[in-house]
Amino acid sequence: MPEQASQQEENQLVQSEQEGSAYFKRSMQTRHLVMLSLGGVIGTGLFLSSGYTVQQAGPIGAVLAYLVGGIIAWLVMMCLGELAVHMPDSGAFSAHASRYIGPGTGYMVAWMYWLTWTVALGSEFTAAAVFMGRWFPDIPGWYWSGLFAAIVFGVNAFTSRFFAESEFWLSLIKVIAVVVFVLVGAIAIIGWVPLHNEAGVEVASPGLSALWGEGAMPPSLLAIGTTLLAVMFAFSGTELIGVAAGETVDPARNVPKAIRATLWRLILFFVGTIIVIAALLPQSQASLSESPFVAVFQRLGVPGAADIMNFVIITALLSAANSGLYASSRMLWTLSDQGTLPKSLGRINKRGIPMNAVLLSMVGGLGALFSSVYAAETVYLVLVSISGLAVVVVWMAIALSQFNFRRHYLREGGQLKDLVYRTPFYPWVPLIAFAACLAACIGIAFDPQQRVALYFGVPFIALCYLVHFVRHRGAAQRPSPSLSHTIKETSP
């Protein structure tokens with residue numbers, strides 16, 4: 001896709017609010033934002049766990065869960081769009097929450113989001129090494145983990161544009177895999193491509209009969225509700241658009257375009273994938289033991305299906321780690337920018353990279369990796385539990401920040417027509433988004449497998465507020481946001 005920005009636009013500098021800090025560079029385009037967001041969402045959850053979702057909720061139940069989850073993500077992203085265009089900040093929703101909810105909430109959101117991606121780093125490096133073992137069984141897994149960690153660190157340490165380009169191509173591989181899967185699956189459902197059973201005998205296509213046959217719906221709506229919690233987590237990563245807004249060329253134009261392009265693609269990809277899996281893969285064969293993509297491709301007689309998907313899954317893991325290190329380093333930067341961490345973590349080098357924040361985030365990721373190996377039932381369990389709750393909490397903060405921002409904006413005399421991007425149907429969109437995420441948090445308490453997230457997540461949230469209060473109870477409140485932050489629409 002041809003670049004629309006001139007070299008001057010690409011090298012435009014963005015000064016942070018923290019006095020004396022260096023600069024971020026605006027270098028990302030719409031295509032980078034779209035692929036960054038898609039890359040954060042399309043991962044092992046889709047390639048490995050989608051079959052399990054069908055098994056638990058039934059074909060129709062799984063489709064409904066992904067549709068509802070996609071709608072909730074869409075509502076949240078519309079809220080984020082208004083905030084990100086009004087205040088494009090690499091601190092994203094943490095900075096928004098600090099301004100429009102309170103400094104303590106911004107502090108808590110930043111730490112929870114940092115922990116989410118830091119834990120993800122450890123798990124992605126570990127999983128990638130396991131999948132490499134299929135091709136190189138004699139090479140120790142930690143070799144691969146170390147190599148992948150070095151590659152991801154190098155990509156993030158160079159420039160934000162280099163990171164964006166690498167993430168674009170890594171995400172493109174995943175997107176192509178999903179599109180091919182859905183298209184070939186659709187042709188097979190029509191009957192134009194022969195299917196084979198486990199014995200290799202050619203069989204007739206079942207069409208879409210599985211979508212309304214026995215077992216299409218779970219015995220109770222509770223199964224769909226439980227699946228919905230996992231589905232909402234599956235859509236986490238779309239909010240990376242907000243993190244990257246501070247390093248994007250012309251955010252007033254590119255951020256809304258990226259949000260619209262990302263969400264409808266995600267819904268089509270996820271729903272299309274579930275329909276193909278449900279139609280072509282017997283429900284009894286859909287599980288966590290094997291990727292449903294591999295199982296379907298093998299039924300279609302695709303040669304080397306397992307090796308193809310092994311490559312795609314490794315790519316997905318590296319893409320997620322790449323995005324994770326980027327997001328977690330920007331969260332540390334914003335905590336430094338807000339004065340809650342040492343200024344050294346907010347220092348930006350000549351290439352526009354907060355190198356100290358990148359280093360600390362990588363150290364945290366490696367710590368999560370070691371804890372997953374040596375303390376899986378203790379330390380790592382706590383980390384995973386907290387990060388599992390984080391995405392819903394972050395989405396709640398985004399919705400509430402937008403609700404409060406609009407009220408504050410109008411109270412200061414701002415005009416809606418001056419907002420380049422406006423969340424539609426205010427206040428219903430932020431209110432419904434907040435309520436849906438709150439309901440998901442409450443629903444966790446009724447699922448024994450996910451309840452542990454509340455046991456560790458809620459105390460961690462309380463600890464963040466306590467630490468912030470103790471450290472800053474004597475500090476003066478940050479000045480209220482000014483309408484001067486509003487981004488005026490610029491010509492393309």
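**Close-up 1. The largest nonpolar core of the predicted model.** This core holds 148 residues. Ile42, Phe93 and Trp395 touch the most other members. Helix α6 supplies the largest share of the core, with 17 residues.

**Close-up 2. Surroundings of Phe93, a residue of the largest nonpolar core.** Residues up to four places away in sequence are left aside here. Beyond them, Phe93 touches Leu80, Val109, Tyr113 and Glu239. Its contacts also include Val243, Met331, Val394 and Ile398.

**Close-up 3. A ring cluster around Phe93, Tyr113 and Trp117.** Ring pairs link these three residues. Tyr113 also appears among the contacts of Phe93. Across the whole structure, a search finds 16 aromatic pairs.

**Close-up 4. The aromatic pair of Trp111 and Trp114.** The two rings meet edge-to-face. Their centres lie 5.5 Å apart, and the planes make an angle of 85°. The arrangement counts as edge-to-face because the angle between the planes is over 60 degrees. Both residues belong to helix α6, which spans residues 103–132. Three residues separate them in position, about one turn of the helix. Trp111 is buried, and Trp114 is buried too.

**Close-up 5. Arg31 over the ring of Phe168.** The charged end of Arg31 sits over this ring. The distance to the ring centre is 4.7 Å.

**Close-up 6. Arg406 over the face of Tyr426.** Here an arginine lies over a tyrosine ring. Arg406 is placed at 4.6 Å from the ring centre of Tyr426.

Terms used: Residues are numbered from 1 along each chain as its sequence is written. This is a predicted model: local features need pLDDT of at least 70, side-chain atom pairs count only at pLDDT 80 or more; totals for chains, interfaces and linings use all residues. Side-chain values use heavy atoms; hydrogens and water are left out. Rings of Phe, Tyr and Trp (its six-membered ring) pair if their centres lie within 6.5 Å; planes under 30 degrees apart count as stacked, over 60 as edge-to-face and the rest as tilted. Helices (H or I, at least four residues) and strands (E, at least two) are DSSP runs, numbered from the N terminus. Buried means under 20% relative accessible area, exposed over 50%, partly exposed in between (1.4 Å probe, protein chains only). A charge sits over a ring if NZ of Lys or CZ of Arg is within 6 Å of the ring centre and within 35 degrees of the ring normal. A nonpolar core is a set of buried Ala, Val, Leu, Ile, Met, Phe, Trp, Tyr and Cys residues joined through side-chain atoms within 4.5 Å. Contact means heavy atoms within 4.5 Å.
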